Amino acid sequence: ACGRQADCMDRISRDALANGLKYASPSAGARFALAATNESVTVTVTNAVAPGVEDAGIGNGITGMRERTEALGGALTITRTPEKFTLIATIPTEAE
């Protein structure tokens with residue numbers, strides 16, 4: 001289970017950061033955070049949205065991240081405003 005969790009969070013982290021590079025304001029960059037407790041592991045990626053970008057957060061990359069997260073009993077939350085995009089992926093540490 002630990003290998004699957006690590007692989008899942010690695011892939012989600014890479015995909016979320018790639019999306020940040022694709023849709024972010026070039027000068028703003030992205031913020032990445034990884035937090036672990038006895039109960040769960042959480043990856044948070046936040047970036048400023050470039051002006052004129054309307055489709056951030058609705059593509060196949062998000063769908064894949066959601067499927068990987070849910071397959072391990074976790075949850076993926078997306079928050080988007082015209083200025084900021086935040087992705088939070090959480091999976092339980094005891095996911096099978």
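In which element is Gly61 found? Gly61 belongs to helix 2, and the legends below go through that helix and the sheet of this predicted model.

**Figure 1. Overview of the predicted chain, with 2 helices and 4 strands.** From the N terminus on, the elements follow one another as α-β-β-α-β-β. The chain has 96 residues, and 38% of them count as buried. Its exposed surface comes to about 5,700 Å², with 53% supplied by carbon and sulfur atoms. Taking contacts between residues at least 6 apart in sequence, 62% join residues at least 24 apart.

**Figure 2. The open sheet, built from 4 strands with antiparallel pairing.** The strand order is 1-2-4-3. Strand 1 (30–36) and strand 3 (75–80) stand at the edges; each has a single partner strand, so one side of each lacks a neighbour in the sheet. From one strand to the next, the twist averages 10°.

**Figure 3. Strand 1 and strand 2 as a hairpin.** The two strands have 3 residues between them. Strand 2 covers residues 40–48, and 7 bridges join it to strand 1 in an antiparallel arrangement. Two facing positions can be picked out here. Ala35 stands opposite Thr42 of strand 2, and Ala36 has Val41, also in strand 2, as its bridge partner.

**Figure 4. Strand 2 and its pairing with strand 4.** Of the 9 residues of strand 2, 7 are buried, so this strand is largely enclosed by the rest of the structure. Strand 2 and strand 4 run antiparallel and are joined by 9 bridges. One of the facing pairs is Thr44 with Ile88, the latter in strand 4.

**Figure 5. Strand 3 and strand 4 as a hairpin.** A link of 3 residues connects the two strands. Strand 4 takes in residues 84–92, and 6 bridges join it to strand 3, the two running antiparallel. Ala75 stands opposite Thr90 of strand 4. Arg80 has Phe85 as its bridge partner in strand 4.

**Figure 6. Surroundings of Thr79 in strand 3.** How exposed is Thr79, given its relative accessibility? Thr79 counts as partly exposed because its relative accessibility is 43%, which lies between the limits of 20% for buried and 50% for exposed. Once neighbours within four places in sequence are left aside, Thr79 is in contact with Lys84, Phe85 and Thr86. The C-alpha atom of Thr79 is separated by 9.3 Å from that of Thr46, a residue 33 places away along the chain.

**Figure 7. Helix 2 across strand 3 and strand 4.** Helix 2 spans residues 60–71 and runs at about 150° to strand 3. From its first C-alpha to its last, this helix of 12 residues reaches 16 Å, close to the 16 Å expected at 1.5 Å a residue. Helix 2 is followed by Gly73, which has a positive phi, near 80°.

**Figure 8. Buried and exposed residues of helix 2.** Which residues of helix 2 are buried? They are Ile62, Gly64, Met65 and Thr69. These four cover an arc of only 160° around the axis, which puts them on the same side of helix 2. An α-helix has 3.6 residues a turn, so residues three or four places apart point the same way. Asn60, Glu67 and Ala71 are exposed on the other side of helix 2.

**Figure 9. Gly61 of helix 2 and its distance to Asp15.** Gly61 has a relative accessibility of 33% and therefore counts as partly exposed. In sequence, Gly61 and Asp15 are 46 residues apart. In space, their C-alpha atoms are 6.8 Å apart.

Note on methods: Residues numbered from 1 in each chain as written. Predicted model: local features only at pLDDT ≥ 70, side-chain atom pairs only at ≥ 80, totals over all residues. Heavy atoms only, no water. Buried < 20%, exposed > 50% of the residue type's maximum accessible area, 1.4 Å probe, protein only. Contact = heavy atoms within 4.5 Å. Areas by Shrake-Rupley, 256 points an atom, 1.4 Å probe, with all protein chains shown as cover. Pairing = 2+ DSSP bridges. Axes fitted to C-alpha atoms, helices over the stretch in contact; angles between N-to-C directions. Expected span 1.5 Å × (residues − 1). Arc of directions from axis to C-beta.
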